[in-house]
Amino acid sequence: MRTILFTLFVCFAFGAHAQVAAKIGSKEISVKEFEEKYDEVRKQVVDAPDKKTFMEDLINFEVGLQEAQRRGFDQDPAIKERMEQELFKGFVEKELAPKTVKLTADDSEMRAYYSKNPELRLSQILIEVRADATPEQKKEARKRALDIADNVRKSQRKFEELVKIYSDDPLSNKSGGDIGWQNRLTLYPSLYRQSAKLSAGQITPLIETPFGFFIIKVTGKKSYADSDHAMVRLAVQEEKKKKLYDQFLSGIRAKYKVQINKNAVN
């Protein structure tokens with residue numbers, strides 16, 4: 001009789017909490033929640049921790065989170081900004097994920113994309129401008145760059161020789177300015193746009209960027225047949241994702257009154 005009564009007491013006292021895996025401060029983690037979190041980690045990590053180690057990690061995370069909230073860190077402006085960024089990112093990803101996973105790119109789409117965005121082999125002359133350069137130093141660098149561009153245009157020497165004379169980039173100078181095969185995703189936008197207009201053997205006019213002034217020679221242009229099709233497919237899918245993103249945000253913006261002070265962005 002005593003054993004039966006004790007068993008009933010245990011069931012009554014702990015039955016309501018039998019599905020609780022851990023309680024950390026004010027937070028209860030159910031066995032179901034713990035198992036779901038653990039399964040998710042095992043899917044994402046090759047060398048997943050055992051359950052005891054994972055529980056310790058979960059506890060450390062929770063006590064750190066609660067302590068941060070207790071000290072008011074969630075009201076810190078810098079942290080609030082990061083939290084808002086993550087909230088926006090999570091919202092957009094969750095809303096668009098069902099559509100983006102279905103995106104494909106057929107051969108005709110890939111060919112059309114590649115005709116406008118080919119892979120290029122390039123060599124460069126860089127006239128460097130330091131990030132902390134004064135307006136006067138920037139002016140002097142621009143004048144020097146214009147003089148060099150003029151000399152390159154008129155010179156009968158090989159581009160590789162001109163690189164060694166004029167370029168400020170010691171790394172690419174060793175290979176005659178060669179920076180290998182580049183595409184729209186790997187090259188600074190203005191450098192790619194100007195280079196993609198040219199045929200192999202042609203040289204761009206002077207191109208200004210935040211890093212300095214460039215003179216680019218196109219030394220090769222891959223055909224679609226020789227291109228990296230996996231990279232082209234990914235680029236087409238990324239363009240489609242961007243279109244979905246823009247359409248999604250445009251639909252949401254229509255619900256809100258948006259006013260812009262044009263003087264602030266001029």
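**Rings and a sheet: a short tour**

Let's start with one residue, Tyr 38: its relative accessibility is 8%, and because buried means under 20%, Tyr 38 counts as buried. Keep in mind, everyone, that we are looking at a predicted model.

Who sits beside that tyrosine? There are six aromatic pairs here, and one of them joins Tyr 38 to Phe 54. Their ring centres are 5.5 Å apart, with 50° between the planes, so this pair is tilted rather than stacked or edge-to-face. Now look at where the partners live: Tyr 38 belongs to helix α2, residues 31-44, while Phe 54 belongs to helix α3, residues 51-70. The pair therefore ties together parts that are 16 residues apart in sequence. Phe 54 is buried too, also with a relative accessible area of 8%. Add Phe 34, and ring pairs link these three residues into a cluster.

Next, the sheet. Which order do its strands follow? It is an open sheet of four strands, running β4-β3-β6-β5, with antiparallel pairing. At the edges stand β4 (178-182) and β5 (207-209); each has a single partner strand, so one side of each lacks a neighbour in the sheet. On average, neighbouring strands are turned by 40° against each other, direction ignored.

Zoom in on β3, residues 120-128: three bridges connect it to β4, and Ser 123 has Asp 178 of β4 as its bridge partner. Two helices pack on this sheet. Helix α6 (residues 135-154) touches β3, β5 and β6, at about 135° to the direction of β3. Helix α9 (residues 189-196) touches β3, β5 and β6 as well, and makes about 165° with β5.

One last stop: the charged end of Lys 222 sits over the ring of Trp 181, 4.9 Å from its centre. Thanks for listening!

Terms used: Residues numbered from 1 in each chain as written. Predicted model: local features only at pLDDT ≥ 70, side-chain atom pairs only at ≥ 80, totals over all residues. Heavy atoms only, no water. Phe/Tyr/Trp six-rings, centres within 6.5 Å; stacked < 30°, edge-to-face > 60°. Buried < 20%, exposed > 50% of the residue type's maximum accessible area, 1.4 Å probe, protein only. Lys NZ or Arg CZ within 6 Å of the ring centre and 35° of its normal. Pairing = 2+ DSSP bridges. Axes fitted to C-alpha atoms, helices over the stretch in contact; angles between N-to-C directions. Contact = heavy atoms within 4.5 Å.
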